[in-house]
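The following exercises concern strand pairing and the surroundings of a ligand. Please examine the model before reading the solutions.

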Amino acid sequence: MLEDNNKIKVALAGNPNVGKTTLFNAITGSKQHVGNWPGVTVEKKSGFTKYKGYDIEIVDLPGTYSLTAYSMDEIVSRNFIIEEKPDMVIQIVDASNLERNLYLTTQLMELETKIILALNMCDLATERGDKIYLNKMEEMLATPIVKTVASQEKGINHLLDKVIEERNNDQHHGHEIGYGDEIEEKIFEIEKILANDTEITEKYPLRWMSIRLLEGDENIKDKVNKSSVASKINDVLDSIDQEEYEADIADKRYSTINIIFPQICTRANQVLTKSDMIDRVLTNKYLGIPIFLSLMWGAFELTFAFATPFMDMIEIAFTWLAGMVSTNLQPAWLASLVGDGIIAGVGSVLIFVPNIFILFFLLSLLEGSGYLARAAFIMDRLMYKIGMHGKSFIPMLMGFGCNVPAIMAARSIEDDRDRLITILVVPFVSCGARLPIYILFAGTFFGRQAGTVIFAMYVLGILVAVASAKLFRLTVIKGKPAPFIMELPPYRVPKLKSALIHMWDNGAMYIKKAGTIILLGVTIIWILASFPWGVEYGSESSYVGIIGHLFEPFLRPLGFDWRISVALVFGFVAKEIVVGSIGVLFGVGDNQEALSQSLLADPGITPLNSMSLMVFSLLYMPCVAAMSVIKKETGSWKWTIFAILYGVAVAWIMAFVVYQGGKLLGY
Amino acid sequence: MLSTNETTLDTLKPGDKAKILKVRVKGSSIRRKLFDMGIVAGSEIQLIRRAPLGDPLEFKIKGYNLSIRKMEARDIFVQVLE
Ligand SMILES: Nc1nc2c(ncn2[C@@H]2O[C@H](COP(=O)(O)OP(=O)(O)O)[C@@H](O)[C@H]2O)c(=O)[nH]1
Ligand SMILES: [Mg+2]
């Protein structure tokens, strides 16, 4: 027991955006991403610190407004507090937004755990002229309170002192709310019934559970329904007007806060906050959309402008490396594996690293400023019309850069079904890797119209994404998008450090993927292209060639011969490989000019074939990297396989329509 | 006892302040979420603006800014304050 004596487990709870992650980082010295977007902390994270001889474990719970099981986040948070029984909970409270923050406090108190309030953002409250009477507040809530400014690391030691003090204090703190005679009577009645079930008594605070039942909490009802007292509880619950109770209980919490609030805080009489003034411009009826579009356009311009020199450098480096390997490595097959397979394959994926880094950096700045919430606010109407949520817009947009981070960005969408739909349709958004295919074929076959053709591809991608979202809503993922009940947080100056951390975390994840799955993918393809032993790399008699022939009957109606089929198989690893492998298959290697010439000279490739090929490439399936994040983010093979099959089916149908329709029209 | 300035939340004009009377939104989890965000009977609420495309709406309530769609606002009954 003795060694346990200096261990303290503390959970951090709080509304979204109150500085929880900032405080977590300040205490533990770790580097977590902070943002100004409701709900950024999706999973709980823990960190450690040593303080005055104690080992303190800090768990950063998801930010929630309440613990009523509206979302997964709320269930995760409260289950942690109930089941893992931390020694205490620190609730971070936004001093500039006390009323709504205290609502969560009233619920935490019912969980019968020790609570410390960290009154954060004190600088903002002071700046605004609010006055908070700390002693009075401690007295009225019966909890210890510590003032902090997490972003300046102020008040941290004081807070840790309090943690230790509380740890050694056996008194139970916190004033629970009284709900009035009628409700209290029911609470008492239910509590008495629950007390008969030892399993429940051991695990849950009975008063809390009774209140949750009266509020109609499905999650708790399920638990009780499996217990020995199910029927008795249901008898009581059937006798009341659930809706009425639910409203009354929430009402009572807020009215209690209304009574306490004026006694602990005088709010400055502010006419218009800075944030309100910024919003008058940024979400203005007429300016809102133009500003939004130019910001997004600017972000993309910056992404590509900054990334291009780095991309060129990476390309040069890999070309050099491949050259080195092919001249110096022995035996020849090994040189081919490393050069043609691994280096070329991994290089073609790593080339997007600069894009991804910059995209995430900019996104994190937008998020940290509070603008992303406005973007969702501005776009929700449009998105709702196509069966999606306002929050889906940013991931879709990011898809134009690279589908991989875009799919990851869907994490900020709380509703599971909204998120799933977003993940499934993002692959149709034409990412940067598909552009070289359009440039080659549109440039070769459509001359002056090349720009229009490429633009049409982008539009087609969007249309397919939109139509698919609608289709999913009607079939496999039925229902309406989740309601848009979202806080628009005050604008803040984004933190550079935090943006850099965000950029690094996501970029590193992508690189890691290039090092694992993609490496595996390119190796397999190299093996297929090099065997049976002795064939020319990627030639008709290699396994890839055989596979190409195998697929040919299936792809023939779209106008593709075996060589294009092979290229498309390669394209599954990464779409940017398509152009390279067509080069190999047409025997001209990397030279684009020569490739154009030989494509033009080849009777098997017409403008119509190439149009069909572009359509198919746009839609047919996400690359290995995108597929692996789909698996990771949905946690389901079923949906991953669905995404692949659906993509191939749509691509096939669209390319079929283009090719056969074109032929009928005489092209 | 229907007073003349009783209406639903979606009909407010920007700048209008109102007192919430009753939340009749269907779907208990949505209703509870609204409660959690401070949309309870007795709260004072002000319409700040409509989104550029007309929906959702942005309100000020309990000192912070909250946005909800018209669809939900339609089922929230309020009394307009002068
Ligand atoms: N002015 C001020 N800003 C803070 C304070 N604490 C955190 N912030 C900022 O508030 C924003 C949200 O912080 P974050 O830690 O991501 O909040 P979380 O959502 O609760 O994890 C960030 O921009 C922080 O830099 C504080 O005490 N004062
Ligand atoms: Mg956070």
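Two strands count as paired if DSSP finds at least two bridges between them. The model is predicted.

**Exercise 1.** Determine the order of the strands in the open sheet and identify which strands lie at its edges.

*Solution.* Begin with the order: seven strands follow one another as β9(A)-β5(B)-β4(B)-β3(B)-β2(B)-β6(B)-β1(B), with antiparallel pairing. The edges are then β9 (486-487) of chain A and β1 (6-8) of chain B, each of which pairs on one side only.

**Exercise 2.** Trace the pairing of β3(B) with β2(B) and with β4(B).

*Solution.* On one side, β2 (residues 17-23) and β3 (residues 44-50) of chain B are joined by three antiparallel bridges, and K19(B) stands opposite E44(B). Next, five bridges, also antiparallel, connect β3(B) to β4 (residues 57-61) of chain B; here L47(B) has F59(B) as its bridge partner. Finally, β3(B) and β4(B) make a hairpin with six residues between them, and G54(B) in the turn has a positive phi of about 100 degrees.

**Exercise 3.** Describe the shell around ligand 1 and the polar side-chain atoms that approach the ligand.

*Solution.* First, 18 residues surround ligand 1, divided into seven nonpolar, seven polar and four charged. The largest share, three residues, comes from α1(A). Next, take the distances: an N or O atom in the side chain of T22(A) is 2.5 Å from a ligand oxygen, and one in the side chain of D123(A) is 2.8 Å from a ligand nitrogen. For R492(A), a polar side-chain atom lies 3.3 Å from an oxygen of ligand 1. Lastly, the protein covers 94% of the 580 Å² of accessible area that ligand 1 has on its own.

Key: Residues are numbered from 1 along each chain as its sequence is written. Chains are lettered from A and ligands numbered from 1 in the order in which they are written. This is a predicted model: local features need pLDDT of at least 70, side-chain atom pairs count only at pLDDT 80 or more; totals for chains, interfaces and linings use all residues. Side-chain values use heavy atoms; hydrogens and water are left out. Helices (H or I, at least four residues) and strands (E, at least two) are DSSP runs, numbered from the N terminus. A residue is near a molecule or strand if one of its heavy atoms lies within 4 Å of it. A polar contact is a pair of N or O atoms within 3.5 Å; within protein, one must be able to donate a hydrogen and the other to accept it, and residues adjacent in sequence count only if both atoms are side-chain atoms. Accessible areas come from the Shrake-Rupley method with a 1.4 Å probe; for residues, only the protein chains shown count as cover. Ala, Val, Leu, Ile, Met, Phe, Trp, Tyr, Cys and Pro count as nonpolar, Asp, Glu, Lys and Arg as charged, and the others, Gly among them, as polar.
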